[in-house]
Amino acid sequence: MPIPDYQTLMLPLLRLASDGADHTTREAVEKLSVEFQLTQDERGQLLASGQQAVINNRIGWANSYLKKAGLLESPRRGVLKITKRGRQILEENPQKIDVKFLDRFPEFVEFRDAAKLNKESTVAESIAPPSQQTPEEALELANQSIRASLAQDILSRVLLCSPAFFEHLVVELLVKMGYGGSRQDAGERIGKSGDGGIDGIIKEDRLGLDTIYLQAKRWQGTVGRPEIQKFVGALQGQRARKGVFITTSSYTSEATEYASRIDTKVVLIDGKQLASLMIDFDVGVSVVTTYQVKRIDSDYFEDSDGL
């Protein structure tokens, strides 16, 4: 039997978790490999990168998509568990669960839409169905999907961290972005009781000619204008001219408008931007696999006829 694709694995994976117990990813791979009667050769078949078994990768994506739809959850790293919604879906006795089936859940639709924010990718997908896409288009679309999934996972993990860790994280991110030079000299976390609304300080450059003050809100609710006004007041108390307000959620239109028209320079970074910056500057993430797309070097073959 050929190795099943990740959509075919969705329903069996959800059924495996139907007992309500915690199941490790390794356990899921073993049980589904047995269910689909995979041979040892098929179990050992690797992706082109040689970094992961195909069956592990596909079960991983099935698990990820089911989590995005709220049918599975991860109580801790490497563990999956069925949710109340997942139980309700199994009670419907579906014959198949695939991406189209998951579109009924708003959280999954939001995840899918996030993967299409890149306009060029959206155009490529709208012009050509998957079977007609060029390899470059397919690779770009896959990269956008992986990036969107990773961004959501980052925010989920950040929300589980302590406020102190989050304050440390935002300073670390700005250092990675080039502010101040080294982590030791560039910034510090000062968030504590009575900090006046300032969670961190970071030098704008290596010489420390100016200082940027930070506010970090590990929130799920929308940040409104009053919070930004408090931050601006704290900046004025420090005689500061520049500030960065970072949240894991989003801002109201009133908050954004207020920040854009005041004299004090305040940059607002929401959860989506935060996750994107963490990916771009390798904060809390690591490279698993790198693919290089190569083309013919025309200049190299230019004088081939003369040899």
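Biologist: What covers the buried residues of helix 2?

Modeller: This is a predicted model, so let's look at what it places there. The buried residues of helix 2 are Ala 28, Val 29, Leu 32 and Ser 33. Their cover includes helix 1, strand 1, helix 3, helix 4 and strand 3.

Biologist: Why do the buried residues of helix 2 line one face of the helix?

Modeller: Good one! An α-helix has 3.6 residues a turn, so residues three or four places apart point the same way. Seen down the axis of helix 2, the buried residues line one face because they fall within an arc of 125°.

Biologist: Is Tyr 300 buried or exposed?

Modeller: Tyr 300 sits in helix 15 and joins Ile 296 and Phe 301 in a nonpolar surface patch. The cut-off for exposed is over 50% relative accessible area. Tyr 300 has 66% relative accessibility, so Tyr 300 counts as exposed.

Biologist: How many residues apart in sequence are the parts that Arg 147 and Asp 280 tie together?

Modeller: Side chains of opposite charge can pair when their charged atoms come close. Arg 147 and Asp 280 form a salt bridge, with their closest N and O atoms 2.8 Å apart. Arg 147 belongs to helix 9 and Asp 280 to helix 14, so the parts tied together are separated in sequence by 133 residues.

Biologist: Which residues are joined into one network by salt bridges that share partners?

Modeller: Start with Lys 242, which forms a salt bridge with Glu 204. That pair links distant parts of the chain, 38 residues apart. Through shared partners, the network joins Glu 204, Asp 210, Arg 241 and Lys 242.

Definitions and conventions
Residues numbered from 1 in each chain as written. Predicted model: local features only at pLDDT ≥ 70, side-chain atom pairs only at ≥ 80, totals over all residues. Heavy atoms only, no water. Buried < 20%, exposed > 50% of the residue type's maximum accessible area, 1.4 Å probe, protein only. Helix = DSSP H or I, 4+ residues; strand = E, 2+ residues; numbered from the N terminus. Arc of directions from axis to C-beta. Contact = heavy atoms within 4.5 Å. Patch = residues over 30% accessible without salt bridge, like charges linked within 9 Å, V, L, I, M, F, W, Y side chains within 5 Å. Areas by Shrake-Rupley, 256 points an atom, 1.4 Å probe, with all protein chains shown as cover. Salt bridge = Lys/Arg side-chain N within 4 Å of Asp/Glu carboxyl O.
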